[in-house]
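Please open the model in your viewer and keep the sequence panel beside it, since each stop on this tour begins with a selection. Where a stop opens with a question, try to answer it on screen before reading on.

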Amino acid sequence: LFCAKSIKRNREIMSFQKDFLWGGALAANQCEGAYLEDGKGLSIQDVMPKGVAGPVSEQPVPENLKLIGIDFYHRYEEDIRLMAEMGFKVFRMSIAWSRIFPKGDEEQPNEKGLEFYDRVFDTCRLYGIEPMVTLSHYETPLYLAKTYDGWRSRQMIPFFDRYCRTVFERYQDKVKYWMTFNEINALWHFPLMGAGIWTPKEQLTEQDKYQAAHHEFVASALAVKRLHDMIPDAKMGCMVLGALSYPMTPKPDDMIAMMEADRKVMFFSDVQTRGYYPSYIKKYWEKNGICIQMESGDEELLKNTVDYVSFSYYMSKCTAADCSLYSKGAGNLTSGVKNPYLPESEWGWQIDPQGLRYTLNYFYDRYQKPLFIAENGLGANDQLIDDGQGGYTVRDDYRIEYLRNHLKEVEKALDDGVDVMGYAAWGCIDVVSASTAQMKKRYGFVYVDRNEDGSGSLTRYKKKSFYWYRDVISSNGASL
C-alpha cells in the first residue's frame, strides 16, 4: 500500500502543474513589419539587413526582410486566433520602443503606437491569453544608438525610464508579466544588437562593455521599482541567453575553464536577481584595471531585484582550457567547442534536451526564484506540401521530436523540484531570423508564405506540429 501511494505521488509530481503557462514567443522586430507606419521611428534592426553578423547600413535597405516581417502589425488578430486555437495560455512578445517613442528621447509618446498594443493586448485577453511583454528586445531606437552610442551612455537610463513608466501606466490592467532586456548577456558578443552601441565592437574595450552593462542593470532595477510601485501585483523578470557549458574533459583545467565561461553568462542574472555585484566580478575588475563609474544611489537601486528568471535555451556547448585543440561548434550568438555526443540541426546547432533540465536545475539552485523558458525551438528549412485535402501543410516530425524531447526534460526538472512557471516555444509562427535575417530558417507551428527574396502571399498554413502542440497543451503535457 505504501509503495502504491508513493508511485501515485511521484506521478503527480512528474506532471505539469495546472497553472503551467504554455505558449509561444515572437519579437516585434522579427514579426511586425510596418517599420515606418503610424509614426514609428527606425530601430537598429531596420539597418541590419543580413542579421547580427552582417553589415550595418545608414538607412533601411530593400533586402531587409524585417522591414515587412510577417506583417503581424496588420495580421495580429489572425495570428493570435491561431495561438488561441492551439490553446496558448501565454504569448511572450515585445513592444517596439521606437513605435512608442520614435527617436527614443521625446517627452511625449506616439499615441498611435500605444493604440496598436492596446489592440494586441485586448485581442489576447479576448482569447484568454496572458501577454508576457519584453520591454527591449534587440531593437534600440536608431536615433539613441547613433546619437548617444546606446547603453554606453548613462543618458539612456532616463529615456528608458520614461518609456517604462508610459507603458506601465497605459497597460496596467492588461499586462501582468514583464521582462526588461532580452538576452541581456548578448551585449558581450554583439554590442549593437544587445545594447544599441553604434561604435564597432572591435573598438570597444572591456571597460566600455562593463560600463554599458552597469547602465542596463540600473535601468532594469529602476524598471522593477517602477512596476512594483505602479502595478503591485505585476511581475518583472530578467532574460538571459541560457548557454551553459560542459567541460570538454574531466581535466581540472577544463573544469576551471567551464566555471569561468559560465560566470560570463551568470554575471548578468546574478546582478539582476541578487541585487549586487558578485565578488568574482569585482576581483576580475581589480585585476584588469576596470573601474565602473557609478553614481550615488546606484548600488541601493540594484537591490530592486526581479521576481522571476527567464532564459532562452537552444543548445549547450563545451569548453576547454585550450579550445584550439577541438572543433568549434555553431551557436545562437555564442558558440563553444563541439560536443562529440550530440547531433546537430541544419544550421549546426547541437541538440541537447538534457541540457535544458541541467540549465533549469542550475538556475534554480543558484537563485531559488521561479523560472520561465522564454525561448526554445528548432530552426529548419521547412517544405510546404499538399496536405491531400485541398490545402497545404508542413510535415515537421523533426520539430515535434525536438520539442517533445525538450519538454520531457522540463517535466523531469519539475520532478527535481524546480519551480518552472511556463514554456514559450520560439517562434510560434514563422518569423525572420534574428541571427541571419533569413526566412528559410523557420521555427513556427504556422508556416508563413514568405520567401528569401521578399515575395510570397504571407498566407498562414498550419504545420503538423500545430496539432501536436495543441494536444500537448490540452492534455497539460500528458500526451508527451
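## From one strand pair to the barrel

Begin by selecting strand E2 together with strand E3 (residues 130-136), which run parallel to one another and are joined by 5 bridges. Bear in mind throughout that this is a predicted model. Within this pair, show Met93 and look across to E3, where Val133 stands opposite.

Now keep E2 (residues 90-94) selected and colour by accessibility: the strand is mostly covered, with 5 of its 5 residues buried. Which residues of E2 lie on one side, and which on the other? Val90, Arg92 and Ser94 are on one side, Phe91 and Met93 are on the other, and all of them are buried, so that both faces of the strand are covered. In a regular strand the side chains alternate between the two faces of the sheet.

Next add E1 to the selection, which pairs with E2 in the parallel sense over 3 bridges; here Ala25 is the residue to show, standing opposite Arg92 in E2. Strand E1 (residues 21-25) also pairs with strand E12 (residues 420-426), again in the parallel sense, over 5 bridges, and in that pair Gly23 has Ala424 of E12 as its bridge partner.

With these strands on screen, extend the selection to the whole order E1-E2-E3-E4-E5-E7-E9-E12, a closed barrel of 8 strands with parallel pairing. From one strand to the next, the twist averages 25°.

## Helix H13 and a buried loop residue

Add helix H13 (residues 353-367), which lies across E5, strand E7 (308-312), strand E9 (371-375) and E12, and which runs at about 155° to E7. Within H13, select Thr359, which counts as buried because its relative accessibility is 1%. Leaving out neighbours within four places in sequence, the contacts of Thr359 are with Leu244, Phe311 and Tyr313.

Follow the first of those names to Leu244, found in the loop between strand E5 (235-241) and strand E6 (245-247). Is Leu244 buried or exposed? Leu244 has a relative accessible area of 4% and is therefore buried, although it sits in a loop. Beyond its neighbours within four places in sequence, Leu244 touches Asp262, Val265, Met266, Ser316, Lys317, Tyr358, Thr359 and Tyr362.

## Two helix pairs

Select helix H10 (residues 252-274) alongside H13, and compare their axes, which are 11 Å apart and meet at an angle of about 45°. That angle makes H10 oblique to H13, and the crossing is right-handed. On the H10 side, show Asp262, Met266, Ser269, Asp270, Thr273 and Arg274, which meet Tyr362, Phe363, Arg366 and Tyr367 of H13. By class, this contact comprises 4 nonpolar, 2 polar and 4 charged residues.

Then move to helix H14 (residues 397-416) and helix H15 (residues 464-474), which pack with their axes 9 Å apart at an angle of about 25°, and which are therefore roughly parallel to each other. Their crossing is right-handed. Asp397, Arg399, Ile400, Leu403, Arg404 and Leu407 of H14 make the contact with Lys464, Ser465, Trp468 and Val472 of H15, and these residues divide into 5 nonpolar, 1 polar and 4 charged.

## Three single residues to finish

Select Ser220 in helix H9 (residues 206-230), which counts as buried because its relative accessibility is 2%. Not counting residues up to four places away in sequence, Ser220 touches Thr180, Phe181 and Gln272.

The remaining stops concern backbone geometry. Asp71 lies in the loop between helix H2 (28-31) and helix H3 (72-86), and has a positive phi of about 60° although it is not a glycine; at 13% relative accessibility, Asp71 counts as buried. For the last selection, go to the loop between E3 and helix H6 (142-148), where Tyr138 is placed. Tyr138 has a phi near 60°, a positive value in a residue other than glycine, and is buried, with a relative accessible area of 5%.

Conventions. Residues are numbered from 1 along each chain as its sequence is written. This is a predicted model: local features need pLDDT of at least 70, side-chain atom pairs count only at pLDDT 80 or more; totals for chains, interfaces and linings use all residues. Side-chain values use heavy atoms; hydrogens and water are left out. Helices (H or I, at least four residues) and strands (E, at least two) are DSSP runs, numbered from the N terminus. Buried means under 20% relative accessible area, exposed over 50%, partly exposed in between (1.4 Å probe, protein chains only). Contact means heavy atoms within 4.5 Å. Axes are lines fitted to C-alpha atoms, for helices over the stretch in contact, and angles run from 0 to 180 degrees between N-to-C directions. Angles under 35 degrees count as roughly parallel, over 145 as roughly antiparallel, 65 to 115 as roughly perpendicular and the rest as oblique. A crossing is left-handed if the near helix is turned anticlockwise from the far one by less than a right angle, and right-handed if clockwise. Ala, Val, Leu, Ile, Met, Phe, Trp, Tyr, Cys and Pro count as nonpolar, Asp, Glu, Lys and Arg as charged, and the others, Gly among them, as polar. Two strands pair if DSSP finds at least two bridges between them.
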